[in-house]
Every structure is written in C-alpha cells, then in structure tokens.
Amino acid sequence: MSHDDFEIEPVEGLPEKPPEGEQILWQGRPDWWRLSIEALSLKWVAGYFALLAVWRFISVVDLMPLGRAVGAAVPFMLLGLVVCGLLIAVAYVQARATMYTVTDARVVMRIGAALTVTLNLPYTQVGNAMLDLRKGGTGTIALETLGETRLSYLVCWPHIRPWHMRQAQPALRCIPEAERVAHLLAEAAQARVSVPKVTRDLPTRAVAAE
C-alpha cells in the first residue's frame, strides 16, 4: 500500500516504472497558495492576529496617545506576519514535495516533505471519489478506500479529506483543473473495474475407487 521512497525515481512521482501497458493520464501538484488557505487555514490565522491587534489597540487607546496605542498593537501584527509566513513556507514545501499521478489502473500519491511516502491506490480498492470544487478551478478529490485498507491521518496530512479521522480518505488536495482530473479518474476507474477477470478452470481428474 505504501513504502518509504528513498530511491531515485525512474519516473517522477513513481517509485518504479509503470508495468507494460499502463498509461499515465495525468500528473500534478497542489497549488501551494490554495493549500496554505484550505489545509493550513491561512486566512483564519491572519484574521486571528488581526483581531488581537485591534483588541490591543482598543484596550489602550483611551489610556495613552494614539501613536503609542498603535505601537502597542504592532507586536501582534508582526507576530501574525511571522506565523503566516511560516504557514506559507510549509505549504510551498509540501506542494513542491508532492506529486499526484493518475494512470489507467491506479492513483499514486508521493507525499511528505521530511519523510517521503508513496501511496499506491488501485481502482479496485477505491469505492468512491468525491470532488470539492472551488473558485478558479482548483479543487480536492477525496478517495474512499474499500476493504481492510487503513491509512494514518497524521502520516497523510495534509493530503487527506479534512476531519475524516476514523476512516481516513486520501485526497488530491487543491489541484488545478480539478474537474477535468476528476473526469479522467472516473472514466479510468470505471473502465478498469468493468474489465472482466478471466480465470482458468483446471479440469479435475476423477479417481476411480478400487
């Protein structure tokens, strides 16, 4: 299901060359800006520190001159800028370290900045795919796995459907042209799952009782 990707990739995003006949339909990374907003809650964090700065200003503006009241709020603004900068840096590094691959047989997710892990999800182990489309065409495609497939929410974060911790659902987060990718994935999965499996029925030999 997964492995630590320490070797050189023969194809970017894949731990080994695809089997003969398997075709890569799409490869892409998260949009780092959308990832910082949706996965790391950049706007909420910025709003929190802005609210702290305003609260500090209002609480002291009646007790000191206007310039000093503004100066009392500045540390909260600077701290907010530092935290938001760190979140943006994390989102950028995560996006650059990630490669999503959709083939006609599976979805492969190379994720992780510090510890790289590759998730291999054949369509036969995917029960459903859900698209969360956002403005600008970016979106997230969450994959609901079947059977005994279990994934760690923390290991997969932020490439996971938010708040689904008990049954973690890996997700292609904040990808451009998400609707087109979802159509490609759906068509490939339908074609793969509908292919009949041919098995050879070996003849049984009758044993004559003596």
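Two strands are taken to pair if DSSP finds at least two bridges between them. The structure described here is a predicted model.

By this criterion, strand E2 (residues 24-28) pairs with E3 in an antiparallel arrangement, and four bridges join the two strands. Within this pairing, Gly 28 stands opposite Tyr 100 in E3. Strand E3 (99-103) also pairs with strand E4 (106-111). Here too the two strands run antiparallel and are joined by four bridges. Val 102 is placed opposite Val 107 in E4, and the connection from E3 to E4 is a hairpin through two residues.

The side chains of E3 are divided between two directions. Met 99, Thr 101 and Thr 103 point one way, Tyr 100 and Val 102 point the other way, and all are buried. Because five of the five residues of E3 are buried, the strand is largely enclosed by the rest of the structure. Tyr 100, which faces Gly 28 across the pairing, is thus one of the buried residues of E3.

A separate description applies to strands E6, E7 and E8. These three strands form an open sheet in the order E6-E7-E8, with antiparallel pairing. E6 and strand E8 (171-175) are the edge strands, each with a single partner, so one side of each has no neighbour in the sheet. From one strand to the next, the twist averages 10°. E7 and E8 are joined by three bridges, and Ala 142 stands opposite Ala 171 in E8.

The largest nonpolar core contains 26 residues, of which Val 107, Met 109, Ile 141, Leu 172, Ile 175 and Leu 185 touch the most other members. At least two residues of this core are supplied by each of E3, E4, strand E5 (117-122), E7, helix H4 (153-156), E8 and H5. The largest contribution, six residues, is that of H5. Val 107, one of the core residues with the most contacts to other members, is also the residue of E4 opposite Val 102.

The largest pocket encloses about 470 Å³ of space. Its lining comprises 21 residues, and those closest to the centre of the pocket are Glu 38, Arg 134, Pro 162, Trp 163 and Arg 173. Helix H1 (32-38), helix H2 (42-60), strand E6 (126-133) and strand E7 (139-145) are the elements that give two or more residues to this lining. E6 provides the largest share, three residues. By residue class, the lining consists of 13 nonpolar, two polar and six charged residues.

About 150 Å³ of space lies in the second largest pocket. Residues from E6 and helix H5 (178-193) line this pocket, with at least two supplied by each element. The largest share is again that of E6, here with six residues. The lining includes Tyr 123, Val 126, Gly 127, Asn 128, Ala 129, Met 130 and Leu 131, together with Ile 141, Ala 182, Leu 185, Ala 186 and Ala 189. Of the residues in this lining, 10 are nonpolar, two are polar and none is charged. Ile 141 and Leu 185, which line the second largest pocket, are also among the residues that touch the most other members of the largest nonpolar core.

Terms used: Residues numbered from 1 in each chain as written. Predicted model: local features only at pLDDT ≥ 70, side-chain atom pairs only at ≥ 80, totals over all residues. Heavy atoms only, no water. 1 Å grid on protein atoms, 1.4 Å probe; cavity = no way out; pocket = protein on both sides within 12 Å on 5 of 7 lines; lining within 4 Å. Points joined across faces, edges and corners; volume = space filled by probe spheres on them. Nonpolar A, V, L, I, M, F, W, Y, C, P; charged D, E, K, R; others polar. Axes fitted to C-alpha atoms, helices over the stretch in contact; angles between N-to-C directions. Core = buried A, V, L, I, M, F, W, Y, C linked by side-chain atoms within 4.5 Å. Buried < 20%, exposed > 50% of the residue type's maximum accessible area, 1.4 Å probe, protein only.
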